[in-house]
Amino acid sequence: MPPLKPPYDPELVHILNAIPPMPLFTNEVVKQQRAGLAVISTPEVTLVDPAIVHEEVSIPGPGGKISLSILRTKTSASSPRPLIFYIHSGGMILGSKLLMIGGTFEWIKELDAVLISVEYRLAPEHPFPAGLEDCYTAFKWAGDHAGELGIDTGKLIVAGHSAGGGLAAGLSMMVRDRGGPRILAQCLNCPMLDDRVMDASSQQYVDEGIWTGANNKVAWNWYLNGKRGSKDVSPYAAPARATDLTGLPTAWVDVGSAECFRDEDVAYAGKLSEAGVGVELHVWPGAFHCFDLMAPDAVLSKSARTTRLAWFKRVLAQAPISAGASKL
């Protein structure tokens, strides 16, 4: 008997059914997937909003040069601006810094923010901690260069979808423990947090959706260099493993009710609350993984985006006044 599972949203299920299923990951499948995603992630394809300007920067990193995309509006009503440090999706094994970047344009325009998207190293070629170290290095660089970037150092937000959300959670812990620019808030959208893949939602969607429980296991195993599920997994790699979440920045956590990350994300939001961290949690009914990026015009996607944007605005409005930085 197949496992019971929540129903899909009637509008979203038609969109999901039109998306080709992703085969079980192998080295060859990932090679093909990377090639396909690269075609739809070029600046010519993704950076099509005339209100937004873009520049590329290369900085020194622990494994070589790190490429950053810096986006902002052409005109600004205020300076210095908030920073959204964005980490792309792709299960730690796929994607690039402009993958589905259009989903952030609303943030840039509505918040008058500078957005930096980081090109971090991917597994299996570069297992943990390579990708997270790239993110930490890039985030620290952004804070150190706030003046020339026109960034308000009191309004630094880390954000990401899926793997990017998991990396943003790990980055928040790493900055707390190592030191670095103070993070005002963390925006964790359907984050990838738990390598153990043992909860009910992982089993309900083991072979269903755009990100399946089966592929989730493969991705985690590659990211952790074969140590998925073992006792010595770092909480920086799998934030659901953390036993101390105190002192972390306030968080947004959202997830679909019809996806494999549902239970780990809800549990993580609960652990943050237990640790005294402010959390806004949303479980979008009938939504599949990354539904707001894959189906941006759906009614539920619009509701999610509106609610998330309102959270951003509240967080920024409540930020302490800082000295800021000079305008570009």
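1. Is Glu125 exposed, partly exposed or buried? In this predicted model, Glu125 is partly exposed, and its relative accessible area is 49%. Its salt-bridge partner is Arg34, with the two side chains meeting at 2.7 Å, N to O. Arg34 belongs to helix H2 (residues 27–39) while Glu125 sits in the loop between strand E4 (114–118) and helix H5 (130–144), so this contact ties together parts that lie 91 residues apart in sequence. Arg34 is likewise classed as partly exposed, at a relative accessible area of 23%.

2. A further pair to inspect is Lys109 and Asp49, whose side chains form a salt bridge of 2.6 Å, N to O. Here too distant parts of the chain are linked, for Lys109 lies in helix H4 (residues 105–111) and Asp49 in the loop between helix H3 (43–46) and strand E1 (52–61), 60 residues apart. The partners fall into separate exposure classes: Lys109 is partly exposed at 38% relative accessibility, whereas Asp49, at 17%, counts as buried.

3. Glu133 and Arg178 also form a salt bridge, and their closest N and O atoms are 2.6 Å apart. This pair joins two helices, with Arg178 in H7 (residues 163–178) and Glu133 in H5, at a separation of 45 residues. Arg178 is partly exposed, with 45% relative accessibility, while Glu133 counts as buried because its value of 19% is under the 20% limit for that class.

4. The pairs described above are among the 18 salt bridges that the structure holds. Asp254, Asp292 and Arg308 deserve separate mention, since salt bridges that share partners join these residues into one network.

5. Turning to internal space, the model has two cavities of 30 Å³ or more. The largest has about 40 Å³ of space, and its lining includes Tyr8, Tyr205, Trp211, Cys260 and His289. Sorted by class, this lining is made up of seven nonpolar, two polar and two charged residues.

6. The second largest cavity also has a volume given as about 40 Å³. Among its lining residues are Asn189, Cys190, Asp254, Asp292 and Arg308, and strand E7 (250–256) and helix H11 (291–294) are the elements that give two or more residues to this lining. Strand E7 supplies the largest share, three residues. By class, the lining has five nonpolar, two polar and four charged residues. The reader may wish to view this cavity together with the network of point 4, as Asp254, Asp292 and Arg308 form that network and also line this cavity.

Notes
Residues are numbered from 1 along each chain as its sequence is written. This is a predicted model: local features need pLDDT of at least 70, side-chain atom pairs count only at pLDDT 80 or more; totals for chains, interfaces and linings use all residues. Side-chain values use heavy atoms; hydrogens and water are left out. A salt bridge is a side-chain nitrogen of Lys or Arg within 4 Å of a carboxyl oxygen of Asp or Glu. Helices (H or I, at least four residues) and strands (E, at least two) are DSSP runs, numbered from the N terminus. Buried means under 20% relative accessible area, exposed over 50%, partly exposed in between (1.4 Å probe, protein chains only). On a 1 Å grid over the protein atoms alone, a cavity is a set of points where a 1.4 Å probe fits but cannot get out, and a pocket is an open set with protein on both sides within 12 Å along at least five of seven lines; lining residues have an atom within 4 Å of a point. Grid points are joined across faces, edges and corners, and a volume is the space filled by probe spheres set on the points. Ala, Val, Leu, Ile, Met, Phe, Trp, Tyr, Cys and Pro count as nonpolar, Asp, Glu, Lys and Arg as charged, and the others, Gly among them, as polar.
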